[in-house]
Amino acid sequence: MRVVIAEDSVLLREGLTRLLTDRGMEVVAGVGDGAALVRTIDELHGAGALPDVVVADVRMPPTHTDEGVRACVELRGRHPELGVLVLSQHVEQQYASELLAGSTRGVGYLLKDRVAEVREFADAVAQVAGGGTVLDPEVVQQLFSRSRRGDTLAGLTPREREVLGLMAEGRTNAAIAKQLVVSDGAVEKHVSNIFQKLGLGQSQGDHRRVLAVLAYLES
């Protein structure tokens, strides 16, 4: 498993490198800012050596606000097959939503203070690298608090649950239609019904798909 680490603290970056190396992973690069992360991934991709996963801090130079997660959002747009695990001190709701907006496959968002064990962290890296989703429960709770969903998914029909499950795998409406052998219009109707039943109105915009998936993952 090949990993790139983006962390501006040299000590923490070296510590993560040692931790993952001891677990049998190969850390192919370590960088200290978002621009360097994007540049490094593009160079590796150009050489036919795209890593399996990026582990990145949210706040990085020069402003120490959102450079890391913005770089991850950009990289997911360019390389959707790249796994991305974000580490943060706090839940950055806007950027967490943006990171999850396209697909939840190969995405993770963990709070640094809540990673209790080395093995837990290494397992999270491996899960994201393999296309899985790892979300800190606090991240789910805070993102979910922005919606008006009901307490459960009990109101969904079996077909709507099936559609929502495929959405959680990161599939587009067209891909879902192909999988279920139905028309694109039928899938769009199911998705609209899911949003309505979960209380996700137009005010949530593109984030409705993210929040619906989070409802599924939490259930």
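Colleague: How much area does the chain expose, and what share of it do carbon and sulfur atoms supply?
Modeller: This is a predicted model, and of its 219 residues 46% count as buried. The chain exposes about 10,500 Å², and the part of that area supplied by carbon and sulfur atoms is 48%.

Colleague: Among contacts between residues at least 6 apart in sequence, what percentage join residues at least 24 apart?
Modeller: The chain holds 10 helices and 6 strands. Among contacts between residues at least 6 apart in sequence, the share that joins residues at least 24 apart is 68%.

Colleague: Which element gives the largest share of the lining of the largest pocket?
Modeller: About 170 Å³ of space lies in the largest pocket, and the residues that line this pocket are Leu12, Leu16, Leu19, Leu87, Lys112, Val115, Glu117, Val118 and Phe121. Two elements, helix H1 (10-22) and helix H5 (118-129), give two or more residues to that lining. The largest share, 3 residues, comes from H1.

Colleague: How do the residues of that lining divide into nonpolar, polar and charged?
Modeller: The lining includes leucines such as Leu12 and Leu87 together with Lys112 and Glu117. Counted by class, the residues of the lining of the largest pocket are 7 nonpolar, no polar and 2 charged.

Colleague: Is Leu20 buried or exposed?
Modeller: Leu20 is found in helix H1, and, leaving aside residues up to four places away in sequence, Leu20 touches Val3, Ile5, Met25, Val27, Phe121, Ala122 and Val125. The C-alpha atoms of Leu20 and Arg119 are separated by 9.7 Å, although these residues are 99 residues apart along the chain. Because a residue under 20% relative accessible area counts as buried, and the value for Leu20 is 0%, Leu20 is buried.

Colleague: Is Asp22, by its relative accessible area, buried or exposed?
Modeller: Asp22 also has its place in helix H1, and its C-alpha lies 9.9 Å from that of Ala122, with the two positions 100 residues apart in sequence numbering. The cut-off for exposed is over 50%, and the relative accessible area of Asp22 is 55%, so Asp22 is exposed.

Colleague: Against which elements do the buried residues of H2 pack?
Modeller: Helix H2 (residues 34-46) has 13 residues and reaches 18 Å from its first C-alpha to its last, close to the 18 Å expected at 1.5 Å a residue. In H2, the buried residues are Gly34, Ala36, Leu37, Val38, Thr40, Ile41 and Leu44. These buried residues pack against strand E1 (2-6), strand E2 (26-31), E3 and H3.

Colleague: How far apart are the end C-alpha atoms of H3?
Modeller: The buried residues of H3 are Glu67, Gly68, Val69, Ala71, Cys72, Leu75 and Arg76. At 1.5 Å a residue, the 12 residues of H3 should span 16 Å, and this agrees with the distance between its end C-alpha atoms, which is 17 Å.

Colleague: Which peptide bond is cis, with omega near 5°?
Modeller: Most peptide bonds are trans. The bond in question leads into Pro62, which lies in the loop between strand E3 (53-57) and helix H3 (67-78). The cis bond runs from Pro61 to Pro62.

Colleague: What is the phi of Val181?
Modeller: Most residues other than glycine have a negative phi. Val181 is found in the loop between helix H8 (173-180) and helix H9 (184-197), where it is exposed, with a relative accessible area of 73%. Although Val181 is not a glycine, its phi is positive, at about 55°.

Note on methods. Residues numbered from 1 in each chain as written. Predicted model: local features only at pLDDT ≥ 70, side-chain atom pairs only at ≥ 80, totals over all residues. Heavy atoms only, no water. Helix = DSSP H or I, 4+ residues; strand = E, 2+ residues; numbered from the N terminus. Buried < 20%, exposed > 50% of the residue type's maximum accessible area, 1.4 Å probe, protein only. 1 Å grid on protein atoms, 1.4 Å probe; cavity = no way out; pocket = protein on both sides within 12 Å on 5 of 7 lines; lining within 4 Å. Points joined across faces, edges and corners; volume = space filled by probe spheres on them. Nonpolar A, V, L, I, M, F, W, Y, C, P; charged D, E, K, R; others polar. Contact = heavy atoms within 4.5 Å. Areas by Shrake-Rupley, 256 points an atom, 1.4 Å probe, with all protein chains shown as cover. Expected span 1.5 Å × (residues − 1).
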